[in-house]
Amino acid sequence: MAATPVVVAIDGPSGTGKSSTSKAVAARMGMRYLDTGAQYRAITWWMLHAGVDIDDPRAVAAAAGKPSIVSGTDPLAPTITVDGTDVAAPIRGERVTGAVSAVSAVPEVRTLITELQRSIAAQADGGIVVEGRDIGTTVLPDADVKIFLTASPEVRAARRSAEVSGRAGTPAAGGTDVAATQAALLRRDAADSGRKTSPLAKAGDATEVDTSELTLEQVIECVVTLIEERGRR
Ligand SMILES: Nc1ncnc2c1ncn2[C@@H]1O[C@H](COP(=O)(O)OP(=O)(O)OP(=O)(O)O)[C@@H](O)[C@H]1O
Ligand SMILES: Nc1ccn([C@@H]2O[C@H](COP(=O)(O)O)[C@@H](O)[C@H]2O)c(=O)n1
């Protein structure tokens with residue numbers, strides 16, 4: 001457990017290990033955990049469900065304040081609901097994944113979700129690990145520890161394909177599904193990095209950790225060490 005409440009921001013492109021690492025670090029250190037991607041997925045799920053044209057930014061902006069999104073921050077059992085409905089499973093589906101970058105690029109959506117994220121972080125008495133794309137740059141620019149995770153596109157695609165198919169994640173797993181997964185990851189990264197409002201970016205004072213050659217346990221250890229070092233300063 002961290003000696004004083006600590007705010008940790010973990011950002012990075014898709015599939016670099018942000019969720020796995022953040023959950024494990026938070027659980028190990030007795031901190032809360034916030035998956036901000038789940039919040040953008042949840043509002044996207046609601047837009048699709050409500051029949052909002054997600055390719056019309058004005059329609060998305062006009063509807064953005066309607067759903068109530070609630071995140072549970074226990075790292076051992078994170079939850080996400082929209083208007084009281086558990087959406088943890090449907091927000092991981094292809095339809096939401098394919099639509100989320102368009103919805104998250106709408107400034108009104110970002111303003112609302114950013115306010116929600118800041119209020120959750122402010123209430124986390126024992127510290128919190130917040131993961132996403134713009135946490136260190138925009139949401140929590142005063143975070144005590146900022147980390148930017150990266151990994152090669154090949155490694156990320158192999159890990160993601162393995163997760164989906166239940167196989168071990170190595171680049172050697174190969175195959176057309178891995179190629180398609182890699183293309184989809186890169187498309188999402190390009191959209192998230194290229195948007196005008198609060199794009200995916202490394203904060204100037206973030207520590208970059210390339211996880212391509214590291215096991216998940218090694219990444220967790222590395223992040224725990226960075227947090228402990230910060231606590232000693
Ligand atoms: N260092 C690692 N070594 C091997 N596999 C890993 C490592 N880190 C994460 N993984 C695996 O890679 C997959 C993607 O990880 P994770 O979901 O944590 O990434 P993410 O950055 O949160 O992705 P997204 O941004 O798309 O939500 C998961 O199956 C996870 O178990
Ligand atoms: N801080 C953030 C976090 C996420 N997004 C958007 O949500 C999408 C889904 O994120 P996952 O981590 O669940 O893959 C992501 O592609 C971004 O469009 C964001 O904008 N800001």
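Two strands are taken to pair if DSSP finds at least two bridges between them. In this predicted model, β3 and strand β4 (residues 79-82) meet that condition, with four bridges in the antiparallel sense. Ile 69 stands opposite Val 82 in β4, and Ser 71 stands opposite Ile 80 in β4. The two strands form a hairpin, with six residues between β3 and β4.

A second pairing joins β4 to β5, again in the antiparallel sense, over two bridges. Here the bridge partner of Val 82 is Thr 85 in β5. Val 82 of β4 thus has Ile 69 opposite it and Thr 85 as its bridge partner in β5. Together the three strands make up an open, antiparallel sheet in the order β3-β4-β5. Its edge strands are β3 (69-72) and β5 (85-86), each of which pairs on one side only.

The hairpin of β4 and β5 has two residues between its strands, and within this hairpin Asp 83 takes a positive phi near 50°. Most residues other than glycine have a negative phi. Asp 83 is not a glycine, yet its phi is positive, about 50°. The residue is in the loop between β4 and β5. Asp 83 counts as partly exposed because its relative accessibility is 44%, a value between the limits of 20% for buried and 50% for exposed.

A positive phi also occurs at Ser 198, a residue other than glycine, where the value is near 50°. Ser 198 belongs to the loop between α8 (176-194) and β8 (207-210). With a relative accessible area of 13%, Ser 198 is buried.

The two faces of β4 were also examined. In a regular strand the side chains alternate between the two faces of the sheet. In β4, Ile 80 and Val 82 make up the covered face, whereas Thr 79 and Thr 81 make up the uncovered one. Helix α2 (residues 36-49) lies across β3 and β4, and runs at about 25° to β4.

Helix α2 also lies across strands of a second sheet, namely β2 and β6 (128-132), and runs at about 40° to β2. This second sheet is open and consists of five strands in the order β2-β6-β1-β7-β8, with parallel pairing. β2 (32-35) and β8 have a single partner strand each, so they stand at the edges and one side of each is left without a neighbour in the sheet. From one strand to the next, the twist averages 20°. At the β8 edge, strand β7 (residues 145-150) runs parallel to β8 and is joined to it by four bridges. Within this pair, Thr 207 in β8 is the bridge partner of Ile 147.

Besides its place across the strands, α2 packs against another helix. Two packed helices are described by the angle between their axes and the distance between the axes. For α2 and helix α4 (residues 94-104), the axes come within 8 Å and cross at roughly 100°. Angles of 65 to 115 degrees count as roughly perpendicular, and α2 and α4 are therefore roughly perpendicular to each other. The residues in the contact of α2 with α4 divide into eight nonpolar, three polar and two charged. On the α2 side, the contact involves Tyr 40, Arg 41, Ile 43, Thr 44, Trp 45 and Leu 48. On the α4 side, it involves Arg 95, Val 96, Thr 97, Ala 99, Val 100, Val 103 and Ser 104.

An annotated site was considered last. In an unreviewed entry, UniProt lists Gly 12, Pro 13, Ser 14, Gly 15, Thr 16, Gly 17, Lys 18, Ser 19 and Ser 20 under "binding site". Two of the listed residues, Thr 16 and Ser 20, are described here. Thr 16 lies in the loop between β1 (7-11) and α1 (18-29), whereas Ser 20 lies in helix α1. Thr 16 is buried, because its relative accessible area is 1%. Ser 20, at 38% relative accessibility, counts as partly exposed. Leaving aside residues up to four places away in sequence, Thr 16 touches Leu 149, Thr 150, Ala 151, Arg 156, Arg 159 and Thr 211.

Definitions and conventions. Residues numbered from 1 in each chain as written. Chains lettered and ligands numbered in written order. Predicted model: local features only at pLDDT ≥ 70, side-chain atom pairs only at ≥ 80, totals over all residues. Heavy atoms only, no water. UniProt positions renumbered as here; feature names shortened; annotations may be inferred. Buried < 20%, exposed > 50% of the residue type's maximum accessible area, 1.4 Å probe, protein only. Contact = heavy atoms within 4.5 Å. Axes fitted to C-alpha atoms, helices over the stretch in contact; angles between N-to-C directions. Parallel < 35°, antiparallel > 145°, perpendicular 65-115°, else oblique. Nonpolar A, V, L, I, M, F, W, Y, C, P; charged D, E, K, R; others polar.
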